[in-house]
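Reader: Got a model to go through. Can you put it up?
Author: Here it is.

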Amino acid sequence: MMKTSEKIYKNFIGPNGENIDQLKKLLESVLDNHRQWRKSYYKKDRRLYDQQNTSNKLLEKELNNFLKRSNQNIPYFHPRYSAQMLKDPSIPTILGCITFMLSNPNNHAYEGGPVTTEMEMEVTDLMLKMCGYKSGWGHLTSGGSLANMEALWAARDFYGNGTVYFSEVSHYSWKRICKILQIKNFKEIIADENFRMDLNHLEHQLKKNKAMCVIANLGSTGTGSVDDIKSIIALREKYGFHLHIDAAYGGFVRSVLLDDDYKLLPFNEEIILKRFVYDQLKAIKDSDSVTVDPHKHGLISYGAGAVLFKNKRLREIILNTAPYTYHIQDKPNIGMFSLEGSRPGAMAAACYLTYKVLPPNQSGTGEVIKLALSASKKFYELIENSNSFRNLNEPDLDINCFYRIHDSSEVSNHNKQMIKVYEHFSIENDNPEFILSKFVMPSNLTKRVLPELKNKKKENFISLRSVFMKHWGALENFYYVRKLVEALENFQIS
Ligand SMILES: Cc1ncc(COP(=O)(O)O)c(C=O)c1O
C-alpha cells in the first residue's frame, strides 16, 4: 500500500467536511483581498452609497430555502458514491474559481480577462507537458464533448475528406459531433473482449476507405478501457490519418508517470498501472491531438475540459475574427481559435491555483490518481475471490464492471437478477448502502465478451459499474472498498 502524503488530506474538504474551517479561513482572505482591490480603484470618485448593506431579508430567506434544497442533492463527495465520474473538487479549485467569479473575467478575448488568459496559457503549457507534446496549441473548453468537437472540426477542415473511425464503445458525443459537422463518412470499429478497439477490424476498414481521422480512447466512459495507441500509431505510418485521442477521462492518469520535471518515469510497480496502459499513456506524445478533462481526473469542478493540438497550424484553419473584439493583438485571444465564445476565466484560475499546489505530475494529481487506481485494483482482487460476483473484465484504469453469478446461462435471467441488485445499490434506493451505476453492454458486444452465455432474446447485458476516481476508497487499508464488497456479498435478493 502506497504512503499517502499530508497534502492529499489537506487539499480536499473531506467526506465529513473535515477541512471546512481551513476553507472558511482561506475564503475570508479571498474576500478581504477582493474588497481592498475594489476600493483601490478611482479613489477620488464620488461614492454612490455609503452604507454597507449587512442585511438583506429576502436574500436571507431565499438562501435558507436554497440551502435546504441543496441538501437534497446526491452525496457525490462520499466514498460510498462511485456511480459516475463525479468527484470532490480540491480546495485550491474552489478558491481559484471563487476569486475570479467575484470579478467575472471572460477568456474569449485577452481584454476580457488578461490575468486569467495568461493563467489559461500557463495551465495549457502544463497540460502539453503532461501529454508529452514538446510544442503545440490548446486551451480549456467547457468540457470533453466540446474539446472533441473542436478537434474534429479542425481536422476536417485541415485535411478535407476521408472517413472518421472510432470505437463502438466511444463516448456518445462522437456520433453527435459527426452529425453536427455533417461528416457522413464515419464508421464504428468493433471492440474486443477488453473493450479495446479491434485493430484487425480497423485495418480492414482502413484498406477499404481512406481515413481522415482515427479517434482512440484512453479511458472509455463505460469501462475505462484503453485502446492500443502504439499499434494505431503504427497503422498511421502505413495509412496516414490524424490521430485524436479521447483522453477526457484518462488523460490526467499520465501524470502518474511523470517526475517533477515532467520526465517519464521508467515502468515500475509503484505506478500501479499495467504495463500495457503505461505504454499507451507514454504514446500520447505521438498523437496529433488530444482531449483531456481537468474536470474529471484533474481535480477541478465542472466546467473545465481541454483540447490540445500538436500542430499549431490546425488552429489557423478555424480562425475567427470580429470587428468589435480581439483589439489587443500581441497577446493571446483564445476565442479567435476556439469553437466556444465566452468562457469563464474563473475555470482557468481554478486550474492554475490547483496545479500550483498539486501539479500534473507524480507529486500532485499523480499521487491522488494512484490512490484511485489502487482502490480499483483492490476491488478487482476482492471480486476475483468472491463466490457471488464476477468481474466483467480486468480494468485498464479505475472503472470496474462486475455482475452477480447466476445459475442460469440465459442473459434474460441474469438481467432480472441484476436489476434487483442495481435497484438496491443505486439512486433508485431511497437509502442506499452504496451508490453505483450500470454498464449496459449491447448484445453484439456481449457475444464477444461473454461467449458462454445464451441470449435468446438478444438482450443487452446488465452489469454494475463503479467509478473509483475518488482517492478516499484506498485510505485506511481500503476501508470503503472492503465495505462495498461486504455489502454486495451480504445482499439477499428477495
Ligand atoms: C471518454 C469521454 N469522452 C468525452 C466525454 C464528454 O465529456 P463532457 O461530459 O465533459 O462533455 C466523456 C464524458 O464522460 C468521456 O468519458
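Reader: Which domains is the chain divided into?
Author: Domain 1 spans 110-358 and domain 2 spans 367-490. The bounds come from an automatic or database domain assignment. Note that this is a predicted model: local features need pLDDT of at least 70, side-chain atom pairs count only at pLDDT 80 or more, and totals for chains, interfaces and linings use all residues. Numbering starts from 1 along each chain as its sequence is written.

Reader: How many Å separate the domain centres?
Author: 29 Å, taken over C-alpha atoms.

Reader: And the contact, how many residues from each?
Author: Domain 1 puts in 24 residues and domain 2 puts in 18. Contact means C-beta atoms, placed from the backbone, within 7 Å.

Reader: What's on the domain 1 side?
Author: Eleven nonpolar, nine polar and four charged residues touch domain 2. Ala, Val, Leu, Ile, Met, Phe, Trp, Tyr, Cys and Pro count as nonpolar, Asp, Glu, Lys and Arg as charged, and the others, Gly among them, as polar.

Reader: Switching to the ligand. Which residues come nearest?
Author: G143, G144, S145, T221 and A248, out of 16 around the ligand. Being near takes a C-beta atom, placed from the backbone, within 6 Å.

Reader: Which helix gives the most to that shell?
Author: Helix 6, residues 144-159, with three residues. Helices are DSSP runs of H or I, at least four residues, numbered from the N terminus.

Reader: How does the shell divide by residue type?
Author: Three nonpolar, eleven polar and two charged.

How values were computed
Helices (H or I, at least four residues) and strands (E, at least two) are DSSP runs, numbered from the N terminus. Two residues are in contact if their C-beta atoms, placed from the backbone, lie within 7 Å.
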